[in-house]
Amino acid sequence: MPAPTTIDLTPRSAALGGSRKLTGHLAKPGGPGPWPGVVVVHEAFGVDDVMLRQTERMAEAGYLALLPDLFTDGGTRRCLVPTMRAALSGRGRAYADLEAARTELADRPDCTGKVGLIGFCMGGSFALVAAGRGIYDAASANYGQLPKDIDRALAEACPVVGSYGGRDGMLKGAAAKLDAALERAGIPHDVKEYPEAGHSFLNDAENAPRIMRPLLRISGAGPHPESAADAWRRIEDFFAEHLKS
């Protein structure tokens, strides 16, 4: 499958009050369309080879996948902190940038009009907040922090599939809290914690800056292929049910 194509989302983001410059990486399935769309939201480390491969994976599963680079306008150093704050606050230009990506997919003739969202790490937090906005058909949140007022945030959420690692010290108990909140709201969901996995276990390679990798290994973060295989199966089954039907 060809590598994702870089596209310019600036006109859409600017019109929505988002970034002054925004690029995205679009991956298309093989064969004839139209296909459902999926917005891919990257980790705190930004767009890298691992996130591009996650985007390709969604395309291989039959989705028109678009990864917006939320750090386009300023780079990781300047954008990381305000973007992470926006993830949980529900406000900020990053949400306009995600909407630019969603409308880009929905308006394409090779998209069915159904659009989902998948996020990793920081992107998982965006996925949970965005799930409650009534604009996505399904969301996948992977080891993302939970909204502070989780019941309010998820009261009218789209269907949610969530995956967390039991060895993720930053998110102890998050899977159970998310599962309970979605159950209370009556939202279709599939949330699972993997006891042997840590943060970023869905990645197929380490992607943190090299100076940080020893510390992250000690904390249990990084790839866990066995857990990842099951989580990807669940994500693909859930998306197929809610985006392809």
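Trainee: How many helices and strands does the protein have, and what makes a run count as one or the other?
Mentor: In this predicted model there are nine helices and eight strands. A DSSP run needs at least four residues to be a helix and at least two to be a strand, so each of those runs passes its cut-off.

Trainee: What makes Arg 133 count as lying over the face of Tyr 95?
Mentor: Arg 133 is at 4.2 Å from the ring centre of Tyr 95. The cut-off for a charge over a ring is within 6 Å of the centre and within 35 degrees of the ring normal, so 4.2 Å fits the distance part.

Trainee: And how do you know that Lys 244 lies over the face of Tyr 63?
Mentor: Try it the same way: Lys 244 is at 4.8 Å from the ring centre, and the limit is within 6 Å, so the distance fits here too. Both of these residues also turn up among the ones that Phe 239 touches.

Trainee: Which residues touch the most other members of the largest nonpolar core?
Mentor: Phe 126 and Phe 239 do, out of 75 residues in that core. Phe 239 touches Val 38, Met 58 and Leu 117, among others. These count as contacts because heavy atoms lie within 4.5 Å.

Trainee: Why are Tyr 143, Tyr 194 and Phe 201 called a cluster?
Mentor: Ring pairs link them, and rings pair if their centres lie within 6.5 Å, so that cut-off is what ties the three together. The structure holds five aromatic pairs.

Trainee: What share of the 245 residues is buried?
Mentor: Buried residues make up 56%; each has under 20% relative accessible area, so it earns the label.

Key: Residues numbered from 1 in each chain as written. Predicted model: local features only at pLDDT ≥ 70, side-chain atom pairs only at ≥ 80, totals over all residues. Heavy atoms only, no water. Core = buried A, V, L, I, M, F, W, Y, C linked by side-chain atoms within 4.5 Å. Buried < 20%, exposed > 50% of the residue type's maximum accessible area, 1.4 Å probe, protein only. Phe/Tyr/Trp six-rings, centres within 6.5 Å; stacked < 30°, edge-to-face > 60°. Lists of a residue's contacts leave out its neighbours within four places in sequence.
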